[in-house]
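The following questions and answers introduce a protein model to a reader who has not met it before. Please look through the sequence and the structure before reading on.

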Amino acid sequence: MTTINLAIIYYSVTGTNYQMAQWAAEGAKAAGAEVKILKTPELASEEAIQANPIWRTHVAETQDIPVVTYKDLEWADAIIFSIPSRFGGMPGPVKQFLDSTGSLWFNGKLVNKVVSGMTSAQNAHGGQEQTILGLYTSMYHWGAIVAAPGYSSPVTFEAGGNPYGTSVTVQGGKMVEDVKAAVEYQAKRTVNVAQWVKQGLAQV
């Protein structure tokens, strides 16, 4: 099988989406992918981070995780985003990073990337589906190929039934649904779709 370069790009304040990114990496590596876990640039002030003990701890624990660059996007055959919902949309740092990729988009560097999205929110109906769909809207402008899990595996139902991408409810600092298997499955599916696309492009 063709080896796939997978960038897992996350934004996380409390660690939920970082954990999901790690699970995605496990699933992708099991499918034979070369994986990079990367975080989006942080826009919040140091004062705001230090004022929140959980946020401060998470930042310290992940200080060695590389910040995503445009070169990482070019390197990747596939990209999985793991981002929290913010008022039903993407967090500001993620939106800002995507908005800054215009030169790559203009030069066709993002076309045919296989992408998939995951998210979290405090409430089950706190904008999880809308956040993923909003992310995918940007991906359509890239000319990317969305690899949503759909209902292609029972683990999607077991994790709460979101066909657009794995989503989890977080209350009291703990994940309500057990989504590990769904995240791993979504990552494997993303890698598999990317393999089909890459093999097909090689034959064109």
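## Strands, buried residues and salt bridges

At 36% relative accessibility, K95 counts as partly exposed. The model discussed here is a predicted one.

Q: With which residue does K95 meet in a salt bridge?
A: K95 belongs to helix α5 (residues 92-99), and its partner stands 4 residues apart from it, a separation of about one helical turn. The partner counts as exposed, at 52% relative accessibility. The N to O distance in this salt bridge is 3.0 Å, and the residue that meets K95 is D99.

Q: Which residues are joined into one network by salt bridges that share partners?
A: One salt bridge of this network is that of K180 and E26, at 3.5 Å from N to O. K180 lies in helix α9 (residues 180-203) and E26 in helix α1 (residues 16-30), so this pair ties together parts that are 154 residues apart in sequence. Both are partly exposed, K180 with a relative accessible area of 32% and E26 with one of 43%. Through shared partners, the network consists of E26, K180 and E184.

Q: Which residue forms a salt bridge with D77?
A: D77 is buried, with a relative accessible area of 19%, while its partner counts as partly exposed at 29% relative accessibility. The pair links distant parts of the chain, since D77 sits in the loop between α4 (70-75) and β3 and the partner in helix α9, 121 residues apart. The closest N and O atoms are 3.1 Å apart, and the residue in question is K198.

Q: How many salt bridges does the count come to?
A: The pairs include D77 with K198 and D99 with K95. K180 with E26 is also one of the pairs. A salt bridge requires a side-chain nitrogen of Lys or Arg within 4 Å of a carboxyl oxygen of Asp or Glu. By this rule the count comes to 5.

Q: Which side chain of opposite charge is nearest to K39?
A: K39 lies in strand β2 (residues 34-39). The residue is buried yet has no salt bridge. Its side chain instead reaches the backbone oxygen of T62 at 2.7 Å. The nearest side chain of opposite charge is 7.6 Å away and belongs to D64.

Q: Is strand β4 mostly covered or uncovered, and how many of its residues are buried?
A: Strand β4 comprises residues 114-121. On one side V114, S116, M118 and S120 are buried, and on the other V115, G117, T119 and A121 are buried as well. Both faces are therefore covered, given that buried means under 20% relative accessible area. The strand is mostly covered, the number of buried residues being 8 of 8.

Q: Which residue stands opposite V115 in strand β3?
A: Strand β3 (residues 78-84) runs parallel to β4 and is joined to it by 7 bridges. V115 belongs to β4, and the residue that stands opposite is I79.

Q: Which residue of β5 is the bridge partner of V115?
A: β4 pairs with strand β5 (residues 145-146) in the parallel sense over 2 bridges. Together with helix α7 (residues 128-142), these two strands make a right-handed β-α-β unit. In β5, the bridge partner of V115 is V146.

Q: Which residue of β6 is the bridge partner of T119?
A: Strand β6 (residues 167-171) runs parallel to β4, and 3 bridges join the two. In β6, the bridge partner of T119 is S167.

Q: Which residue shares a side-chain polar contact with S82?
A: S82 lies in strand β3 and is buried, with a relative accessible area of 0%. Residues up to four places away in sequence aside, S82 touches I9, Y10, Y11, N17, M20, A21 and M118. A polar contact of 3.0 Å joins its side chain to that of N17.

Q: What distance separates the C-alpha atoms of M175 and V114?
A: M175 is found in strand β7 (residues 174-175) and is partly exposed, with a relative accessible area of 26%. Leaving aside neighbours within four places in sequence, M175 is in contact with T16, Q19, M20, W23, V168, T169 and V170. M175 and V114 are 61 residues apart along the chain, and their C-alpha atoms are separated by 27 Å.

Notes
Residues numbered from 1 in each chain as written. Predicted model: local features only at pLDDT ≥ 70, side-chain atom pairs only at ≥ 80, totals over all residues. Heavy atoms only, no water. Buried < 20%, exposed > 50% of the residue type's maximum accessible area, 1.4 Å probe, protein only. Pairing = 2+ DSSP bridges. Right-handed = clockwise from strand over helix to strand, strands pointing away. Polar contact = N/O pair within 3.5 Å; in protein donor to acceptor, adjacent residues only side chain to side chain. Contact = heavy atoms within 4.5 Å. Lys, Arg positive; Asp, Glu negative; His and termini not counted.
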